[in-house]
Amino acid sequence: MPVDIYFISNIVNWIASLLALTVAILYCYKRFNPPYLKIMPFYLLVSIGIEILVNRFINQLLDFRPFADQADARVTLYNLFTPFELIIFSYFLYQVIRSPMVKKMVLILVCLFAIFFVQYSLQNGLGYSNDIAVVLESVIIIIPCLTYFRELLAWNEPVNLLREPSFWLVTGIFFYLATIIPLYMTRSYLIAHGFTGVAKSLYSINNFALSITYLLFIRSYTCRIRKL
């Protein structure tokens with residue numbers, strides 16, 4: 001296996017994801033942390049579990065291919081993960097934003113996304129790459145993220161951001177989704193026009209961005225630990 005930027009990005013991403021899961025299990029259920037963090041170990045377990053099953057890097061590294069049609073299973077599970085992630089992030093953001101209007105907007109957008117996702121899947125099948133769903137999910141989640149930042153600036157009471165889990169979690173989610181929007185908007189075009197190698201190299205951006213997000217998640221899980 002050649003050592004290239006995609007290989008390196010996978011190594012970095014796996015170290016960050018496993019570290020994030022370990023720290024999440026250790027700290028997200030502590031009494032000093034807010035209840036909304038309890039959903040994060042489950043999110044990370046599902047995410048890492050899917051990657052173990054269908055990630056090309058892991059499949060090649062471990063010679064592990066649990067499905068007869070590994071490529072079709074990969075696309076199917078990644079497609080199904082998109083609405084799962086949307087629900088998890090929406091649930092979290094619903095807990096930390098205050099605006100009733102934005103909360104209603106998020107609920108409506110999630111419902112519209114569900115209709116689109118079902119219709120698209122019935123029309124094309126779950127085995128057909130659905131990059132547009134990733135872009136739509138990102139846009140939907142970015143709206144309450146920006147609302148959170150706006151409300152944070154408007155808060156009358158002082159907030160110690162260094163010890164505020166929601167700030168680090170929202171920052172991580174916003175950073176990742178804002179980074180991958182242009183990636184997923186161009187990936188289908190590149191693959192359709194034969195630039196598969198370029199698309200693969202650019203996908204390393206996803207891995208590096210996700211690694212940074214995991215580090216911000218870890219900061220969120222541990223920011224209320226008492227310092228000696």
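## Burial and the model

A residue counts as buried when its relative accessible area is under 20%, as exposed when that value is over 50%, and as partly exposed in between. The structure described here is a predicted model. In this model F81 has a relative accessible area of 15% and is therefore buried. F42, at 43% relative accessibility, falls in the partly exposed class.

## Aromatic pairs around F84

A pair of aromatic rings is described by the distance of the centres and the angle of the planes. The structure contains 19 aromatic pairs. One of them joins F42 and F84, whose ring centres are 5.6 Å apart and whose planes stand at 75°, an edge-to-face arrangement. This pair connects distant parts of the chain: F42 belongs to helix α2 (residues 40–54) and F84 to helix α4 (residues 70–96), with their positions 42 residues apart.

F84 also pairs with F81; the centres of these two rings lie 5.6 Å apart, and the pair is tilted because the planes meet at 45°, while planes must be over 60 degrees apart to count as edge-to-face. F81 and F84 are both in helix α4, and because they are three residues apart, about one helical turn separates them.

## Other aromatic groupings

A single aromatic cluster is formed by Y148, F149, W155, F167, W168 and F174. Elsewhere, an aromatic ring meets a charge: the charged end of K103 sits over the ring of Y94, at 4.9 Å from the ring centre.

## Packing of α2 and α8

Two packed helices are described by the angle between their axes and the distance between the axes. Helix α2, which carries F42, packs with helix α8 (residues 196–222) at an angle of about 155°, and their axes are 12 Å apart. The two helices are therefore roughly antiparallel, since an angle over 145 degrees places a pair in that class. Their crossing is left-handed.

Which residues of the two helices meet? On the α2 side they are M40, Y43, L44 and S47, and on the α8 side Y214, F217 and Y221.

## N206 within α8

Helix α8 also contains N206. Is N206 buried or exposed? Its relative accessible area is 4%, so N206 is buried. Leaving aside residues up to four places away in sequence, N206 touches Y176, I180, L183 and Y184.

Note on methods:
Residues numbered from 1 in each chain as written. Predicted model: local features only at pLDDT ≥ 70, side-chain atom pairs only at ≥ 80, totals over all residues. Heavy atoms only, no water. Phe/Tyr/Trp six-rings, centres within 6.5 Å; stacked < 30°, edge-to-face > 60°. Helix = DSSP H or I, 4+ residues; strand = E, 2+ residues; numbered from the N terminus. Buried < 20%, exposed > 50% of the residue type's maximum accessible area, 1.4 Å probe, protein only. Lys NZ or Arg CZ within 6 Å of the ring centre and 35° of its normal. Axes fitted to C-alpha atoms, helices over the stretch in contact; angles between N-to-C directions. Parallel < 35°, antiparallel > 145°, perpendicular 65-115°, else oblique. Left-handed = near helix turned anticlockwise from the far one by under 90°. Contact = heavy atoms within 4.5 Å.
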